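Work through the exercises below with the model open. Try each task before reading its solution.

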Amino acid sequence: MAILIFILTGLLIGWFASIVTRTEDASGIFKSIGIGALASAIGGLIMNGFMLFGAIEWLALGVAAASAAMVLAAYKLVFVVRF
């Protein structure tokens, strides 16, 4: 159950990031959602002690959200913003 919540958290943060950055093409939206879900799952699992099923620590949920936001911000700065 923990992995599903981490992935859902990443999906929501990725979707919100695509709204904030005004991504209008479908591939950009799906990339943001996918990157957010992957980063959130990895960060949450590391902080939760690699427990896929079972209890979720609040700190792990916070780390999952923060890791998704940081990875998405880095992705947008490196690959999307053109100077």
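## Exercises on helices and loops

The buried residues of helix H3 pack against helix H1 (2–20) and helix H2 (26–47). The model is predicted.

**Exercise 1.** Check the length of helix H3 (residues 58–80) against the span expected at 1.5 Å a residue.

*Solution.* Start with the count: H3 has 23 residues. The expected span is 1.5 Å times one less than that number, which gives 33 Å. Now take the end C-alpha atoms: they are 32 Å apart, which agrees.

**Exercise 2.** Find the buried residues of H3 and their packing partners.

*Solution.* Apply the cut-off: buried means under 20% relative accessible area. The buried residues of H3 are then Ala 60, Ala 64, Ser 67, Ala 68, Leu 72, Tyr 75 and Lys 76. Next, look for partners: these buried residues pack against H1 and H2.

**Exercise 3.** Describe how H1 and H2 pack.

*Solution.* Take the geometry: the angle is about 145 degrees, and the axes are 7 Å apart. Add the hand: the crossing of H1 and H2 is right-handed. Then list contacts: H1 residues including Phe 6, Gly 10, Gly 14 and Trp 15 meet H2 residues including Ile 33, Gly 36, Ala 37 and Leu 45. Finally, sort by class: this contact has 10 nonpolar, eight polar and no charged residues.

**Exercise 4.** Locate Arg 22 and Phe 50, and state whether each is buried or exposed.

*Solution.* Arg 22 lies in the loop between H1 and H2. Its phi is positive, about 55 degrees, although Arg 22 is not a glycine. Arg 22 is exposed, with a relative accessible area of 69%. Phe 50 is in the loop between H2 and H3. Phi of Phe 50 is also positive, near 60 degrees. Exposed means over 50%, so Phe 50 counts as exposed at 60% relative accessibility.

Notes:
Residues numbered from 1 in each chain as written. Predicted model: local features only at pLDDT ≥ 70, side-chain atom pairs only at ≥ 80, totals over all residues. Heavy atoms only, no water. Helix = DSSP H or I, 4+ residues; strand = E, 2+ residues; numbered from the N terminus. Buried < 20%, exposed > 50% of the residue type's maximum accessible area, 1.4 Å probe, protein only. Contact = heavy atoms within 4.5 Å. Axes fitted to C-alpha atoms, helices over the stretch in contact; angles between N-to-C directions. Left-handed = near helix turned anticlockwise from the far one by under 90°. Nonpolar A, V, L, I, M, F, W, Y, C, P; charged D, E, K, R; others polar.
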